[in-house]
Amino acid sequence: MAPNIGRVSILVALAAVSIVHLINSGSLNGLIEATTGHVVIDESRLANWANLPDVANGQCTVDFVANACEDVNVHAASSTAFLTCGDPAGRVQWFPSSGYQPTTNRARFEEQYFKVNLKTGKRTELMLKGLPEGHDIVTHGLDIFPVEGDDSKILVFAVNHARERDSIFIFEHTLGTNVLNLAKSVEHPAIKCANSVAAVGPRSFYITNDHYYPRGILRQLEDKFGPWSWATSVQHCAVDEQDKVTCKEVTHTMPCANGLAVAGDRVFVGDSKNGSVSVYEMINKQPNDLRRIADIDVGAIADNIKILAGTQDPLVTVFPDGEELPLFLKDVSALGKTVFAPTAVLRLRADKNYTPELILRDDGKHLTDMTAADIDPKTRTLVGASFLKYGGFAVCKLPSSVNLS
Ligand SMILES: *[C@@H]1O[C@H](CO)[C@@H](O)[C@H](O)[C@H]1NC(C)=O
């Protein structure tokens, strides 16, 4: 038997080598793409807000202490912005949504959280308590949630990409302090390529996974042959009294689920490849039972979604002129200096069938490669977060021409 096995393995090896050769020469790409569910997106659908003049960006100040802020959430009652920030150089070594593989030659990744008082402009780094010594902290999506019966506290939900696995951190925060106390780190096989998080209860939340495979050779194939129509979706996860975590897929699958936000019993999910936002409604207010009620074309790559305090309209941050990620990643220090990525914030008006309306546009001078923006109506400020850049967020005073009601 042995000689046969030898011959078979040689044949298998030869076949593998020829497949790799065919893939590299491009001859097999079309066939593989066609059979794997590769989605072709009509680029002209993503150019609705391209090449327009700037809007409402005249009074923006960039913060150069916090870097690489992917997400921001405004706590409107206290006019405080919470931001998940980090290290542009580290993100080029390990950031799962950009396709980087874990590096082993580094002891630890230690990214940061900040808050900004929007009445005074003061920025404060938040100290994390309760994490195991040496734990990787690589930030991404963020959400805040009220503590029932106690207005002095909030919960902060945050995606974390440790090299071993993703988790969702749930922190308790007393307003006015500079501490985030880890109350729970939630892990589950369905939390694998997490991007955004949106809380619906003290131990209940949605996440988007932006890829199907987090790492390894299969991820390389996904990056090469995707995006796939079946690859990404929204999971609802909850932790019960016995500390058991259950997750359930609650939306259709899409090429690249990304932004996520909840307003009442509506759930908004953005697709960054398809340039669309899908609107779901909870059936009988059950967060794990959703009905899709609309698909909105937003006309550009759609990143994070935040909810405008007061009107409850979704605010979608988009890349009006596209996102040249390979170029940005090649030299993150050039971002906002010699390499600019224009940005725009759209408001989807619920009273007009979620028709997108342009709130702000910047050619990249102040806000470049922006992945999220939230607004505090009381102080009329917009906080925009840039996920790869040195100078990680900007605070903009909005002119009176911007209607926030
Ligand atoms: C892309 O968005 C459009 C419009 O919102 C929607 O009709 C379509 O189903 C989406 N395509 C995919 C592959 O999700």
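In the predicted model, A199 stands opposite F205 of strand β11. This pair belongs to the junction of β10 with β11 (residues 204-209), where five bridges join the two strands in the antiparallel sense. Both strands are part of an open, four-stranded sheet with antiparallel pairing, arranged in the order β10-β11-β12-β13. Its edges are formed by β10 (194-201) and β13 (245-249), each of which pairs on one side only. From one strand to the next, the twist averages 25°.

A second open sheet of four strands, likewise with antiparallel pairing, has the order β14-β15-β16-β17. Strands β14 and β17 occupy its edges and each has a single partner strand, so one side of each is left without a neighbour in the sheet. With direction ignored, neighbouring strands here are turned by 25° against each other on average. Strands β14 and β15 (residues 266-271) run antiparallel and are joined by five bridges; across this pairing, A261 is found opposite F268 of β15.

Within β14 (residues 257-263) lies G259. This glycine is buried because 28 other C-beta atoms lie within 10 Å, where 20 or more suffice for that class. When neighbours within four places in sequence are left aside, the contacts of G259 are S196, G270, A302, D303, N304, I305 and V316. Of the residues in this list, S196 falls within the span 194-201 of β10, and G270 within the span 266-271 of β15. The contact with D303 links positions 44 residues apart in sequence, with a C-alpha to C-alpha separation of 5.3 Å.

The ligand is surrounded by V39, S229, M254, P255, D271, N274, S276, D295, I296 and D297. Strand β17 (residues 286-297) makes the greatest contribution to this shell, supplying three residues. Classified by side chain, the shell comprises four nonpolar, three polar and three charged residues. D271, one of the residues around the ligand, lies at the end of the span 266-271 that defines β15.

Helix α2 (residues 29-36) presents a contrasting case to the buried G259: the helix is hardly covered, and the count of buried residues among its eight residues is zero. Directly after α2, G37 adopts a positive phi of about 90°. V39, listed among the residues around the ligand, follows this glycine in the chain numbering.

Technical notes. Predicted model: local features only at pLDDT ≥ 70, side-chain atom pairs only at ≥ 80, totals over all residues. Pairing = 2+ DSSP bridges. Axes fitted to C-alpha atoms, helices over the stretch in contact; angles between N-to-C directions. Buried ≥ 20, exposed ≤ 12 C-beta atoms within 10 Å, placed from the backbone. Near = placed C-beta within 6 Å. Nonpolar A, V, L, I, M, F, W, Y, C, P; charged D, E, K, R; others polar. Contact = placed C-beta atoms within 7 Å.
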